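Colleague: Could you take me through the charged side chains in this model, with a close look at one pair to start from? I'd like to see how their surroundings fit together.

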Amino acid sequence: LIGDFTGMIGDPTGKKATRPQLTREQVLANAETYKRQVFKVLDREATVIRYNGEWLTPLGAEGIIRLAGKWTLARMMERDDFRTRFREQQPISLHELLYPLVQAKDSVEMAKIPELGCDVELGGHDQIFNLLVGRDLMKEEGLEPQVCLTVPLLVGLDDAHHARALRVADDGLRVGVPARVDLDSQVPERPAIAIIVMHLQH
């Protein structure tokens, strides 16, 4: 699942300030780099790629407002990063508060697609809050909540999470480098860390 819609919001997880919003063109350009990397691990012919704009874009203003009504500000402020920014009087934009909900909507919609039957979601351990929001929203929709698996984040050479990526060959894998290193323009600002929704064969 490629978050072409959520990419334009920007995941606030672990951020001390509001991250710049990307254009759709930037998001789609980044998506191409993700594809090149993931197909070094996954079989291209056996992989189904979906974009969350398929179900999030048609929601429109009314749908987003209804989605926002399924969660409370108090629960959203349980997130460590939001709570820390609030305590330190750092701005929190309203669109950032929507991120966990639209990611949760992904979990609901992917589970509803019969040919996929997604019931496991894999993400970095910084995504636990977002994944649990997904489970709650699935319960509300009468769906079996997904199983959530998390893994440690890759750490850059400067010990910063989400290190930038360095291309080691034209079609080679990428390795973490310090964020202060200048990289060529073909490497996205964000690393290729994305949620992969897995299909279990029963």
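Which residue does Arg79 form a salt bridge with, and how far apart are the closest N and O atoms?

Modeller: Happy to! Arg79 pairs with Asp81, and their closest N and O atoms are 2.8 Å apart. This is a predicted model, where local features need pLDDT of at least 70 and side-chain atom pairs pLDDT 80 or more, while totals for chains, interfaces and linings use all residues. Residues are numbered from 1 along each chain as its sequence is written, and side-chain values use heavy atoms, without hydrogens or water.

Both Arg79 and Asp81 are buried (under 20% relative accessible area; exposed is over 50%, partly exposed in between; 1.4 Å probe, protein chains only). Theirs is one of 13 salt bridges (Lys or Arg side-chain nitrogen within 4 Å of an Asp or Glu carboxyl oxygen).

Another salt bridge joins Asp136 to Arg75, at 3.2 Å from N to O. That pair ties together distant parts of the chain: Asp136 belongs to helix H8 and Arg75 to helix H5 (residues 73–76), 61 residues apart (helices are DSSP runs of H or I, at least four residues, numbered from the N terminus). Asp136 counts as partly exposed because its relative accessibility is 24%, and Arg75 is partly exposed too, at 34%.

Now to helix H7, where Lys112 and Glu109 sit three residues apart, about one turn of the helix. Their side chains meet in a salt bridge of 3.9 Å, N to O. Glu109 is buried, with a relative accessible area of 16%, whereas Lys112 is partly exposed at 40%. Together with Lys105 and Glu141, these two residues make up a network of salt bridges.

H7 spans residues 94–112 and also holds Asp106. Asp106 is buried yet has no salt bridge, and the nearest side chain of opposite charge is Lys105, 8.9 Å away (Lys and Arg positive, Asp and Glu negative; His and chain ends uncounted). Beyond its neighbours within four places in sequence, Asp106 is in contact with Leu1, Thr6, Asn52, Trp55 and Leu56 (heavy atoms within 4.5 Å).

H7 has another partner in helix H4 (residues 60–68), whose Gly63, Ile64 and Leu67 are buried. Viewed down the axis of H4, its buried residues fall within an arc of 100 degrees (directions from the axis to the C-beta atoms), so they line one face of the helix. These buried residues pack against H7 and H8 (128–140). Ala61, Glu62, Ile65 and Arg66, on the other side of H4, are exposed.

How values were computed:
Helices (H or I, at least four residues) and strands (E, at least two) are DSSP runs, numbered from the N terminus.
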